[in-house]
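Here's a set of short exercises to work through with the model open beside you. Try each task yourself before reading the solution.

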Amino acid sequence: MTRTPAPPPVRVLMATGQSRPEPWVRELAECLPQLEVLAWTPDDAVQADYLVCWGPPAGLFEAQHQLKAIFNLGAGVESLLAMPNLPAVPLIRLEDAGMAVQMAEYVCQAVIRFARQLDLYEADTRAGAWTLHKPISRALYPVGVMGLGVLGKRVAQAVAGFDYPVAGWARTPHQIDGVRCYAGADQFDDFLRATRVLVNVLPLTAGTENIMNADTLGKLQAQGHVINVARGAHLVDADLIALLDSGHLAGATLDVFRTEPLPPGHPFWQHPRITLTPHTSARTLRSTSLQQIADNILRMEAGQPVPGIVDRQRGY
Ligand code: NAP
Ligand code: GLV
């Protein structure tokens with residue numbers, strides 16, 4: 001009697017962009033014991049069913065001929081979408097995976113630090129001065145959140161939880177308790193004029209690149225503050241500096257930059273009214289992210305629908 005050969009194992013290849021991929025590969029393998037999980041290496045001819053990647057090398061896709069899906073180890077997909085030879089299979093991004101709470105926390109601290117004048121108090125106390133400034137009125141600090149997706153919605157709700165007036169702007173209409181929502185290009189100016197503290201949580205697409213420029217930032221209420229936690233290419237750097245130096249903007253909190261790491265000598269480094277962090281507002285958490293990817297691979301293998309599929313036409 002002839003035996004039917006066992007089907008080849010379903011294979012997952014990881015190109016994580018990490019200097020030490022081993023713990024990522026090991027942990028995904030633990031989530032998917034019935035599958036074969038391997039780290040990608042440059043001379044790899046291994047054919048994979050699924051790719052899990054972040055900032056993958058250019059040649060990665062050309063050698064792959066049986067992919068069922070590509071998983072992005074992050075929320076933003078602009079770099080993947082810009083890659084040549086990106087196979088026409090579902091591209092699935094991380095949704096939340098522990099990033100929304102981090103982003104909300106980061107934005108709330110930046111809003112509160114600005115509105116509660118904590119930089120001023122810090123300077124006072126370092127100079128040995130015990131000085132009380134006037135209590136603030138929250139009504140004077142309306143916050144506008146651009147992007148009301150998985151991360152932006154949580155950010156807007158968290159800021160509204162501190163009783164600041166909050167507006168939100170997205171491509172399509174939204175309804176969020178405690179948030180006045182604006183939609184589309186027609187309502188963008190009204191949204192900007194209603195905003196003093198602008199928070200950017202948009203994806204980077206052809207329609208959002210350079211969206212924070214002299215014209216749009218000039219429409220914010222006087223003495224505004226800009227918080228960019230999305231992508232550096234949303235912001236025209238020189239326009240931000242000019243508006244800070246003219247006094248129209250009071251400050252900026254920037255987590256993302258056109259070139260990362262921010263190049264030495266860039267004017268942002270030393271600007272007295274810019275606070276910088278090194279792209280850390282919402283980190284990719286290994287266990288939560290890999291569990292989400294593993295669950296989605298198992299859904300695909302079972303023929304079930306998966307959340308987080310990127311719409312390539314929209315670019316997010
Ligand atoms: P998402 O769920 O896809 O949400 C995107 C939001 O942006 C949606 O509300 C969408 O509107 C809106 N939008 C897209 N194009 C627009 C346009 N042209 N005009 C107005 N609104 C537009 O994305 P997410 O998961 O919240 O992530 C957002 C971004 O955060 C990512 O793409 C990434 O760049 C960034 N990020 C940064 C970090 C960090 O550490 N700094 C970490 C994670 C993510 P609709 O709702 O109408 O579709
Ligand atoms: C990080 O910036 C991400 O897009 O996940």
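## Exercise 1: Sides of a strand

**Task.** In strand S6 (residues 143–146), which residues point one way and which the other way?

**Solution.** Keep in mind that you're looking at a predicted model. Step one: pick out Val143 and Val145, which point one way from S6. Step two: find Gly144 and Met146, which point the other way. Step three: check burial, and you'll see that all of these residues are buried.

## Exercise 2: The sheet around S6

**Task.** Find the open sheet of 7 strands and work out in what order the strands sit.

**Solution.** Start with S6 and strand S7 (residues 166–170), which pair in the parallel sense over 4 bridges. To line them up, use Val145, whose bridge partner in S7 is Gly168. Now widen the view: the order is S8-S7-S6-S9-S10-S11-S12, with parallel pairing. At the edges you'll find strand S8 (179–183) and strand S12 (274–276), each pairing on one side only. As for twist, neighbouring strands here are turned by 15° against each other on average, if you ignore direction.

Inside this sheet, try another pair: strand S9 (residues 197–200) and strand S10 (residues 224–228) are joined in the parallel sense by 4 bridges. Here Val197 stands opposite His225 in S10.

## Exercise 3: Helices on that sheet

**Task.** Which strands does helix H3 lie across, and which does helix H8 touch?

**Solution.** H3 first: this helix lies across S6, S9, S10, strand S11 (249–254) and S12. Compared with S10, H3 runs at about 160°. Then take helix H8 (residues 237–246), which packs on the sheet and touches S10, S11 and S12. The direction of H8 makes about 140° with that of S11.

## Exercise 4: H3 meets H5

**Task.** How do helix H3 (residues 99–115) and helix H5 (residues 150–160) cross?

**Solution.** Their axes come within 8 Å and cross at roughly 45°. H3 and H5 are therefore oblique to each other. The crossing is right-handed. On the H3 side the contact residues include Met99, Met103, Val107 and Val111, while Leu151, Arg154 and Val155 are among those of H5. Sort the whole contact by class and you get 13 nonpolar, no polar and 1 charged residues.

## Exercise 5: The other sheet

**Task.** What is the strand order in the open sheet of 5 strands, and which strands are at its edges?

**Solution.** The order reads S2-S1-S3-S4-S5, with parallel pairing. Strand S2 (36–39) and strand S5 (91–92) are the edge strands, each pairing on one side only. Between them, look at strand S3 (residues 50–53) and strand S4 (residues 69–72): they run parallel and are joined by 4 bridges. Tyr50 has Ala69 in S4 as its bridge partner.

Next, add the helices. Helix H1 (residues 22–31) lies across strand S1 (11–15), S2 and S3, at about 175° to S2. Helix H10 (residues 286–301) lies across S1, S3, S4 and S5, at about 165° to S4.

## Exercise 6: H1 meets H10

**Task.** At what angle do H1 and H10 pack, and how far apart are their axes?

**Solution.** The angle is about 45°, and the axes are 9 Å apart. That makes H1 oblique to H10. Their crossing is right-handed. Trp24 and Leu28 of H1 are among the contact residues, as are Leu290 and Ala294 of H10. By class, the contact divides into 6 nonpolar, 2 polar and 2 charged residues.

Note on methods. Residues are numbered from 1 along each chain as its sequence is written. Chains are lettered from A and ligands numbered from 1 in the order in which they are written. This is a predicted model: local features need pLDDT of at least 70, side-chain atom pairs count only at pLDDT 80 or more; totals for chains, interfaces and linings use all residues. Side-chain values use heavy atoms; hydrogens and water are left out. Two strands pair if DSSP finds at least two bridges between them. Helices (H or I, at least four residues) and strands (E, at least two) are DSSP runs, numbered from the N terminus. Contact means heavy atoms within 4.5 Å. Axes are lines fitted to C-alpha atoms, for helices over the stretch in contact, and angles run from 0 to 180 degrees between N-to-C directions. Angles under 35 degrees count as roughly parallel, over 145 as roughly antiparallel, 65 to 115 as roughly perpendicular and the rest as oblique. A crossing is left-handed if the near helix is turned anticlockwise from the far one by less than a right angle, and right-handed if clockwise. Ala, Val, Leu, Ile, Met, Phe, Trp, Tyr, Cys and Pro count as nonpolar, Asp, Glu, Lys and Arg as charged, and the others, Gly among them, as polar. Buried means under 20% relative accessible area, exposed over 50%, partly exposed in between (1.4 Å probe, protein chains only).
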